[in-house]
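Ready for a few warm-up exercises? Have a look at the sequence and the model, then work through the tasks below.

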Amino acid sequence: MQKIRILSRHDVQTALPMADAIKAMRESFTWLYQQRAQLPPRTEMTIKDANADVLMMPVYIPDYQQMGLKIANVFRENPAQNLPLIQGLMLLINTQNGQAEAIMDSTYLTAMRTAAGSALATDVLANPDAQTLAIFGTGANAITHLEALCLVRDINKVYIFGRSLAKAQAFVQAQQAHCSALLEATDDLAALAEASIVCTTTSASAPLFDADYIQPGTHISAIGTYKPHLREIPGKLVAKSKIVVDYREACMKEAGDILIPLQEGLIDEQDVLAELGEVLATGLTIRKSAQDITFYKSVGVGTQDLTAAHYILQKANELSLGTLLTL
């Protein structure tokens with residue numbers, strides 16, 4: 001008989017607070033760089049009638065003696081119906097005996113591990129005295145990035161850009177009580193001149209702003225798009241930046257923020273300086289000057305999901321979270 005622990009979003013959030021998630025992602029990216037994980041390409045199935053994609057992401061980390069399979073559903077019409085853009089489930093399997101160990105909600109897990117990765121990148125790439133943040137997007141990823149980035153820098157002000165000013169204002173109203181920094185909703189891109197960190201969490205198909213809005217010394221994290229024809233950041237800005245990616249192999253196939261400037265001749269492959277795991281494992285210095293613009297591009301990596309799920313299950317077993325089913 002198999003015993004499987006079923007974990008809700010609340011269980012996942014309880015088991016792995018953001019500060020712990022950031023520590024876990026350091027391990028995850030380091031092991032990815034050191035090739036201590038088996039990471040097949042993710043499979044994508046498009047559901048045209050629903051304007052949706054279903055992503056299936058398998059991964060195996062021998063050190064955990066576990067494999068994972070995440071199914072992520074990206075339904076682009078959902079926000080208009082007050083439903084999450086991204087939903088899904090994570091399955092954990094014990095690789096010593098092949099038995100399933102856990103099934104957990106991956107909606108929050110995905111937003112959490114993505115933000116924790118961005119926080120790590122920000123910590124090693126942004127100027128130490130960065131205090132003003134701009135976030136594009138008002139969904140789940142925007143919420144988790146607000147929390148995570150405020151843990152790695154002493155942020156005192158955050159500009160929120162939404163699809164509309166009303167959405168940005170609603171975000172501020174909902175999140176201000178949970179954040180010590182002052183949140184300000186705006187649709188004035190001139191506010192970017194004050195931002196020392198910019199984070200984009202949208203499903204945009206074209207750049208969200210012009211390169212000239214970004215000042216020297218800014219750090220940018222772009223996590224919202226994962227297809228070759230989509231991008232959030234203008235190519236001119238990418239060309240001016242020191243570029244780090246979450247996983248080179250995936251980004252060179254999927255990341256429009258990288259691929260489109262490549263196709264336009266604005267950058268070369270050599271301009272992608274490193275993976276985040278390499279920076280973390282070797283101490284490689286990317287920012288050479290306080291005036292450098294740094295750019296972190298993430299399309300999401302299965303090792304992040306498995307590492308997060310591994311630690312979530314450990315804590316869930318310790319605290320008896322969720323429901324234990326015997327099959």
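Rings of Phe, Tyr and Trp (its six-membered ring) pair if their centres lie within 6.5 Å; planes under 30 degrees apart count as stacked, over 60 as edge-to-face and the rest as tilted. This is a predicted model, where local features need pLDDT of at least 70 and side-chain atom pairs count only at pLDDT 80 or more, while totals for chains, interfaces and linings use all residues. Residues are numbered from 1 along each chain as its sequence is written, and side-chain values use heavy atoms, with hydrogens and water left out.

**Exercise 1. Work out how F136 pairs with other rings.**

Step 1: Count the pairs. The structure holds 4 aromatic pairs.

Step 2: Take F136 and F161. Their ring centres are 4.4 Å apart and their planes sit at 5 degrees, so this pair is stacked. Because F136 is in strand β7 (residues 132-136) and F161 in strand β8 (residues 157-161), the pair ties together parts 25 residues apart in sequence. (Strands are DSSP runs of E, at least two residues; helices are runs of H or I, at least four; both are numbered from the N terminus.)

Step 3: Now try F209. With F136 it makes a tilted pair, 5.3 Å centre to centre and 40 degrees between the planes. F209 lies in the loop between β10 (197-200) and β11 (219-222), so its pair with F136, in strand β7, ties together parts 73 residues apart in sequence.

Step 4: Check burial (buried is under 20% relative accessible area, exposed over 50%, partly exposed in between, with a 1.4 Å probe and protein chains only). F136 is buried at 5%, F161 at 4% and F209 at 5%.

**Exercise 2. Find out whether cysteines are bonded or free.**

Step 1: Search for disulfides, meaning pairs of cysteine sulfur atoms within 2.5 Å. The whole structure gives 0.

Step 2: Look at C199. Its nearest cysteine sulfur, in C150, is 11 Å away, and C199 is buried at 1% relative accessible area.

Step 3: Look at C251. The closest cysteine sulfur to its own is in C199, 15 Å away, which is too far for a bond. C251 is buried too, at 0%.

**Exercise 3. Sort the residues that line the second largest pocket.**

Step 1: Split the lining by class. There are 10 nonpolar, 6 polar and 2 charged residues. (Ala, Val, Leu, Ile, Met, Phe, Trp, Tyr, Cys and Pro count as nonpolar, Asp, Glu, Lys and Arg as charged, and the others, Gly among them, as polar.)
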